[in-house]
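Please describe this structure for a reader at the bench. The account should cover the chains, the contact between them and a few single residues.

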Amino acid sequence: MRHDGLGGGLLQPAPQSAPDAPLCLGMTPDNEHSAAAVASPHPSVRDIFLAFFRVGLYGFGGVMPHARSVLVDRHRWVSDREMTDILTLAQLLPGPNIVNVSIMIGVRFRGATGAAAGVLGLLGAPLVIILALGATYLEFADEPWLKGAFAGVGAAAAGLIVSVGVRLAHSLQPRPLVILFGAASFAAIALAAIPLPMVVLALAPLGIWFAWRAER
Amino acid sequence: MDTLGVAATLLGQLAVLSLVSIGGAHAVLPDVYRLVVTEHGWMTGTEFATAVALSQAAPGPNVLVMTLIGQYVGGPALGIAALVAFCLPSSLLAYLAVRADLKARGTPWLRAVKEGLAPITVGLVLASGFILTTGTAGSGTTLAIAMVTAFLASTTKLNPLWFIGAGALIGALA
């Protein structure tokens, strides 16, 4: 993750030019274009619902790139730089990142109603699809000839999550404290089987404190 | 445990996990796994991993894995409730954060939070992958699928669906 553009202007209009706008998640490089194009948009509750409806229905293998293309490039509701700020906060807060993004965008333009519209738009259609998929799975889960296929699918998913972790690890600077905290949270969950709330409540304040001290 | 007890246990746990889910749905999978597989045996490790796979293969955010788990444990209504239980607490927090942070104060502080949480998040996601891999490693074949997928998905830009399709094919033939 990049450092710039964290606090200032999270919800304020974008500066006219954002030459140092960081590119998050390897998205579109035309941030100048996007930043300049935001002319106080006024999406309705219905617009917000439909935009996140579109985001939710894309997203094979990751929804976030589509969120950026819909919100920044297509609708121009936020600039590229604002989108990065929103993403940063969405990642810091607990909860699914994209759900947090839909809430932040919704609140920004239409308050609590907008947030609800964003979340419902985002999750409504995928929810129906996943319920149908789950029902189909339950129907056939006990078929002997499919058991092997389902086991293989599950194993692939396990490997995919490992790869997500590996890619995230590559984005960190390999300093001793970073490695220590990464190893500690891994060991606490995977090896010591300590419940996540305890792990987070113990490690998060410590990690933030060390990072804060390193800043000064 | 009766149906209501099962629902209350699952939903209560998901609501708590929601508030500590830095890193999103992936980070809490070990705790959910422990609850529904290890402690209560409501699903097997393979069924759990299959739910994760289906949620990755379907359109939409990965958080929908909570719906599949709930649906498996107690039917479609519990599936919907599980998604709400996991999303609502963190969503309220996000709402309040945006409301409180409208002036977006304190850049250095926010940066420290970000720097401090990043390695912890990475550890949590890796732990998730580890738990799922060991949970599905019933045979040499599944372990090999998981490890090869982990390696190739880390080093190439192949669409995840390829790995899930290949996993299904190899699993069915093996």
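The report below takes chain B, its contact with chain A, chain A itself and then selected residues.

The structure is a predicted model. Chain B has 8 helices and 0 strands, and from the N terminus on its elements run α-α-α-α-α-α-α-α. The C-alpha trace of chain B spans about 60 × 45 × 25 Å along its principal axes. Of the 174 residues of chain B, 57% count as buried. Among the contacts in chain B with a separation of 6 or more, 60% are between residues 24 or more positions apart.

**Contact between the chains**

In the contact between the two chains, 98 residues of chain B meet 87 residues of chain A. Helices H1 (3-18), H2 (25-39), H3 (45-57), H4 (65-74), H5 (76-100), H6 (107-136), H7 (140-155) and H8 (160-173) of chain B each supply at least two residues of the side that touches chain A. H6(B) gives the most to this side, with 27 residues. By class, the side of chain B that touches chain A has 61 nonpolar, 30 polar and 7 charged residues.

H6(B) is also mostly covered, with 22 of its 30 residues buried. At 1.5 Å a residue, the 30 residues of H6(B) should span 44 Å, and its end C-alpha atoms are 43 Å apart, so the two values agree. H6(B) nevertheless has a kink of about 30° at Leu117(B), shortly before the proline Pro119(B).

Ala53(B) is found in helix H3 of chain B. Ala53(B) counts as buried because it has 29 C-beta neighbours inside 10 Å, the cut-off for buried being 20 or more. Leaving out residues up to four places away in sequence, Ala53(B) touches Val153(A), Gly154(A), Ala156(A), Ala157(A) and Ile164(B). Ala53(B) and Tyr72(B) are 19 residues apart in sequence, and their C-alpha atoms are 14 Å apart in space.

**Chain A**

Chain A is divided into domain 1 (31-136) and domain 2 (172-216). The C-alpha centres of these two domains of chain A lie 30 Å apart.

How far does helix H5 (residues 97-140) of chain A span between its end C-alpha atoms? The span is only 32 Å, whereas a straight helix of 44 residues would span 64 Å at 1.5 Å a residue. H5(A) bends by about 145° at Arg110(A).

The average pLDDT of chain A is 81, and 80% of the residues score at least 70. Over residues 1-38 of chain A the pLDDT is below 50, and this stretch has 75 contacts in the model beyond near neighbours in sequence.

**Positive phi in chain A**

Arg76(A) has a positive phi in a residue other than glycine, and the phi of Ala193(A) is likewise positive in a residue other than glycine. The table sets out the phi values and loops.

| Residue | Phi | Loop |
|---|---|---|
| Arg76(A) | near 60° | between helix H3 (64-74) and helix H4 (80-92) of chain A |
| Ala193(A) | near 55° | between helix H7 (176-191) and helix H8 (196-215) of chain A |

Arg76(A) counts as partly exposed because it has 16 C-beta neighbours inside 10 Å. Ala193(A) has 13 C-beta neighbours inside 10 Å and therefore counts as partly exposed.

Terms used
Residues numbered from 1 in each chain as written. Chains lettered and ligands numbered in written order. Predicted model: local features only at pLDDT ≥ 70, side-chain atom pairs only at ≥ 80, totals over all residues. Helix = DSSP H or I, 4+ residues; strand = E, 2+ residues; numbered from the N terminus. Expected span 1.5 Å × (residues − 1). Bend = angle between axes of the 7 residues up to and from the residue. Domains from an automatic or database assignment. Contact = placed C-beta atoms within 7 Å. Nonpolar A, V, L, I, M, F, W, Y, C, P; charged D, E, K, R; others polar. pLDDT = per-residue confidence, 0-100. Buried ≥ 20, exposed ≤ 12 C-beta atoms within 10 Å, placed from the backbone.
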